[in-house]
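Hello,

Here is the structure I promised to pass on to you. Please open it alongside this email, and my notes follow underneath.

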Amino acid sequence: MTPEASPDVRARLLDATFVCLARVGIAKTSVDDIAREAGISRATLYRHFGGKAELLEALGQRELTRLDAVFAAAVQDCATVGAACSVLVVEGAEFLLDHPVLGTILAIEPTAITPLLSLGHADAFLTAAAALVAPHLAAHVDDDAARLRGAELLVRITLSHLQSPNPQRSITDPQVAQAIVDQYIVPGFVGKSAIERIQA
Amino acid sequence: MGAMSTESDPLSVHDQVVRSTYACIARFGMAKTTVEDVVRESGLSRATIYRHFPGGRDELLREAVAWQIGEFFIRLADHVEGSADLVELLDRGIEFARQAVREHALLQRMLVTEPDRLLGLLSTESTKTLPFIAAYLLPHLERARAAGDLRPGVDPVDASDHLSRLVLSYIGARGVVDLDDPAQRRDLVTRELLAGILRP
């Protein structure tokens, strides 16, 4: 294997894609920019990725895997379903708010993202996000359907607060997230029998 | 436009321009609608239009979308008028909203022909309606509290904020529950939306 064929060429190219996107957004990032940022030749880049669209797709996948790991670490020590829901809300909101690439895109080319949250497209986005969150509730909610509905509810509420923050109550404040979850969300998705079990 | 108005009446000029812009969008689409088109359609001068809409074309398009969203919520409020309780109100509201969105011919056409432009505006303009939805729901929550129907610790103002977010979210995206199925929709309203608010 030549040094350029090593598996970390892919990682370096994705790192470079991340840096370029965070700097100038999607429209102004070219394959040449990414190759230059990575210190890798154009020809080598094309051996690993078909082009810009493939790089974006692979970076998106990598970021989702990273978020998944953040969620897994966060729920590890949660004793109750309420605690798990609340850390998922806070971690998810912080991940999105602090994300350098999302921040740049929202600032300079928001129409690349806002459609995901609107009519028609929002269904696919919600379903994917709920599927990412749901497994992290597995320790507390047995029923598959209830878990998916609960995860979807968490995603809806988190996105709503990110899109239109409540000036008095920031969703990234753990106490606020806990209060919203305990008051409105846990009773809403675990189902009546499960609520009784929790209260008992 | 049939409605006569004079330039000394700022409200009606504003209305007239917004309605004319909407008529142009329906005819030409968003991308092709220009300030000149609105001048021709409204019969008002370019100077008058810029006096009321200094942001020009972008502001006209934004205001036309905001006006349609406003009209939509007025019809929604009309439709749920006279509901016996919160469950029926939300049930009928979501049913009507889903159907109205599906049957809005221009909206559906533009979702296909110019989704990016429209969805960006829909997403930013519709979140501005949150306070209105919350204000609409508040008296219903206060009535429920007076009747002793709220769970302990539920504050009507806080609950109206939370519910308004979910209502808007479900209008935009269906999720795993089939909102067109009456039994499933009812179940969603009593669980996801109200289980944390109303006494079991």
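Below is what I found, going from the contact between the chains to the domains of one chain and then to two residues. Please keep in mind that this is a predicted model.

**Between the chains**

Let me start with chain B against chain A. The two bury about 3000 Å² between them, and carbon and sulfur atoms give 54% of that area. Chain B brings 38 residues to the contact, while chain A brings 32 residues. There are 3 salt bridges between chain B and chain A. One of them joins B:Asp187 to A:Arg149, with 3.0 Å between the closest N and O atoms. Polar contacts link 17 residue pairs across the two chains, counting pairs with both residues at pLDDT 80 or more.

Which elements of chain B give two or more residues to the side that touches chain A? They are helix H6 (105-113), helix H7 (115-127), helix H9 (156-172) and helix H10 (182-193). H9(B) has the largest share of that side, with 10 residues. By class, the residues on the side of chain B that touches chain A are 19 nonpolar, 9 polar and 10 charged.

**Inside chain A**

The domain assignment splits chain A into domain 1 (1-62) and domain 2 (77-199). Each of these domains of chain A puts 8 residues into their contact. About 590 Å² is buried between domain 1 and domain 2 of chain A, with 73% from carbon and sulfur atoms. On the domain 1 side, A:Phe18, A:Ala22 and A:Ile26 supply 61% of the area buried against domain 2, more than any other three residues. Between these two domains of chain A, the count is 0 salt bridges, but 3 residue pairs are in polar contact, both residues being at pLDDT 80 or more. The side of domain 1 of chain A that touches domain 2 has 6 nonpolar, 1 polar and 1 charged residues.

**Two residues in chain B**

B:Asp37 sits in helix H2 (residues 35-42) of chain B. Its relative accessible area is 12%, so B:Asp37 counts as buried. Beyond its neighbours within four places in sequence, B:Asp37 touches B:Cys24, B:Phe28 and B:Lys32.

B:Leu61 belongs to helix H4 (residues 56-80) of chain B. B:Leu61 is also buried, at a relative accessible area of 5%. With neighbours within four places in sequence set aside, its contacts are B:Thr21, B:Ile25, B:Met30, B:Thr33 and B:Leu121. From B:Leu61 to B:Glu95 the C-alpha to C-alpha distance is 28 Å, with their positions 34 residues apart in sequence.

Happy browsing, and best wishes!

How values were computed. Residues are numbered from 1 along each chain as its sequence is written. Chains are lettered from A and ligands numbered from 1 in the order in which they are written. This is a predicted model: local features need pLDDT of at least 70, side-chain atom pairs count only at pLDDT 80 or more; totals for chains, interfaces and linings use all residues. Side-chain values use heavy atoms; hydrogens and water are left out. Helices (H or I, at least four residues) and strands (E, at least two) are DSSP runs, numbered from the N terminus. Buried means under 20% relative accessible area, exposed over 50%, partly exposed in between (1.4 Å probe, protein chains only). Contact means heavy atoms within 4.5 Å. Buried area is the accessible area (1.4 Å probe) that two parts lose on being put together, summed over both. A salt bridge is a side-chain nitrogen of Lys or Arg within 4 Å of a carboxyl oxygen of Asp or Glu. A polar contact is a pair of N or O atoms within 3.5 Å; within protein, one must be able to donate a hydrogen and the other to accept it, and residues adjacent in sequence count only if both atoms are side-chain atoms. Ala, Val, Leu, Ile, Met, Phe, Trp, Tyr, Cys and Pro count as nonpolar, Asp, Glu, Lys and Arg as charged, and the others, Gly among them, as polar. Domain bounds come from an automatic or database domain assignment.
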